[in-house]
Amino acid sequence: MGVDFGSSDFNSSLEELSLLALSAGVKPISTITCKRSSPDSALYIGSGKADEVKDAVLDNQIGIVIFNHALSPAQQRNLEKHLQVRVLDRTSLILDIFAQRAKSHEGKVQVELAQLQHLATRLIRGWTHLERQKGGIGLRGPGETQLETDRRLLGERVKVLKEKLNKLQKQRETQRRSRGRSRIFSVSLVGYTNAGKSTLFNGLTKAGTYAADQLFATLDTTSRRVYLGDVGQIVVSDTVGFIRELPHQLVAAFRATLEETIHADLLLHVVDASSPTRLDQIAQVNQVLEEIGAGHIPQLMIWNKIDLAALDSGIERDEYDKIRRVFLSAKTGQGYSELRVALSELALQGGFGLQDGEPKNDHLDSDLKID
């Protein structure tokens, strides 16, 4: 279900919702749209359109209705009551995908925290048989309603998860200080989800991390060392992809993971050159980078998927001979040599590189060497 409020990217946002649904394991059956100047306070879409959705649910035996918007707890409750099926908003859908994809301990902690913080606003009084905890001998409760008990238990779990994330964040800070003392050039891959970051990361580092043509294939930050000629070793990190209207709970929960981005010396902003909405996607990524405090870090634009966009590989420079963009295909390998040249040049400009007399492949893993 999508509501057009006059946005220029409405159609692309709706297509993205279908991809998100497929990524979550849901098969889209029917798409219904409408135009409004503002959301309806009770049902978001108004009663007439809600009846149309209800008819579609009955006709097609639909089990779930997904809205391409953030619904308030009251709107979600009213819609579920009206439609008699489960209703998800865009935020809940993205959280569900993250819950499916999180593999590392840290990723799972971050996703659970985000889900609980989202759920906290949506606890409803659905326990009519336990409206007040039963009295009587052996059954007297502390005088809380079930809702209050749920909120208290949820709050305690959130506190535990935040403490775990703080410990993990301190571990990352220790690792970063160690890298900082050794003056290693740090590069983070950022970009819109499914732009090809993990494929590029694997091509650069031979890491073998999971890469797939789907939204949010990568959730856990992976870092690998790479050897670049006169520069020596650099550290390249693959991070979670961004998306329009990325839930604030996720940005907050994943702050520990995104710290790698905040403390990088250079951001490789990977763009899907074949996407008709690439400029909007670039703007969305930059908006999230500003939110997490990484807006000031130098960026190198990587226009990926040139094989699909019928573009040639190469380096584009501005009138001052500074590198603006690198065109490549992470999948076919076109443009990797140009990317290595660009990385070396930018690292040397930043004062990184091997000092006189320093061994050129000290502690180097042979499978990570880039010729």
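Two strands pair if DSSP finds at least two bridges between them. Strand β8 (residues 266-272) and β9 clear that bar with six bridges, in the parallel sense. This is a predicted model, and what follows describes its computed geometry.

**Overall picture**

The protein chain holds twelve helices and twelve strands. It has 371 residues, and 49% of them count as buried. The exposed area is about 18,600 Å². Carbon and sulfur atoms supply 49% of that area. Among contacts with a separation of 6 or more, 67% join residues 24 or more positions apart.

**Strands β8 to β11**

Strand β9 spans residues 299-304. Five of its six residues are buried, so the strand is mostly covered. On one side of the account stands its pairing with β8, where leucine 268 is opposite leucine 300 of β9. The chain gets from β8 to β9 through helix α10 (residues 278-291). This β-α-β crossover is right-handed.

Strand β9 also pairs with β11, again in the parallel sense, over three bridges. Here isoleucine 302 has valine 326 of β11 as its bridge partner.

Strand β11 covers residues 323-327. Four of its five residues are buried, so the rest of the structure largely encloses it. Strand β10 (residues 314-317) is another partner of β11, this time in the antiparallel sense. Four bridges link β10 and β11. One bridge sets glycine 314 against phenylalanine 327 in β11. The two strands form a hairpin with five residues between them. Within this hairpin, aspartate 321 takes a positive phi near 70°.

The three pairings are set out below.

| Strands | Sense | Bridges |
|---|---|---|
| β8 and β9 | parallel | six bridges |
| β9 and β11 | parallel | three bridges |
| β10 and β11 | antiparallel | four bridges |

In a regular strand the side chains alternate between the two faces of the sheet.

**Helix α3 and its neighbours**

Which residues of helix α3 (residues 73-83) are buried? They include Gln75, Gln76, Leu79 and Leu83. These residues cover an arc of only 100° around the axis, so they lie on the same side of α3. What do the buried residues of α3 pack against? Their partners are α2 (47-60), β3 (64-66) and β4 (86-88).

**Two residues with positive phi**

Glutamine 84 comes just after α3. Its place is in the loop between α3 and β4. Glutamine 84 has a positive phi of about 65°, although it is not a glycine. Is glutamine 84 buried or exposed? Its relative accessibility is 60%, and exposed means over 50%, so glutamine 84 counts as exposed.

Tyrosine 44 is not a glycine either, yet it has a positive phi of about 70°. Tyrosine 44 is found in the loop between β2 (33-35) and α2. Its relative accessibility is 7%, and buried means under 20%, so tyrosine 44 counts as buried.

Helix α2 therefore appears twice in this account: it follows the loop that holds tyrosine 44, and the buried residues of α3 pack against it.

Note on methods:
Residues numbered from 1 in each chain as written. Predicted model: local features only at pLDDT ≥ 70, side-chain atom pairs only at ≥ 80, totals over all residues. Heavy atoms only, no water. Buried < 20%, exposed > 50% of the residue type's maximum accessible area, 1.4 Å probe, protein only. Contact = heavy atoms within 4.5 Å. Areas by Shrake-Rupley, 256 points an atom, 1.4 Å probe, with all protein chains shown as cover. Right-handed = clockwise from strand over helix to strand, strands pointing away. Arc of directions from axis to C-beta.
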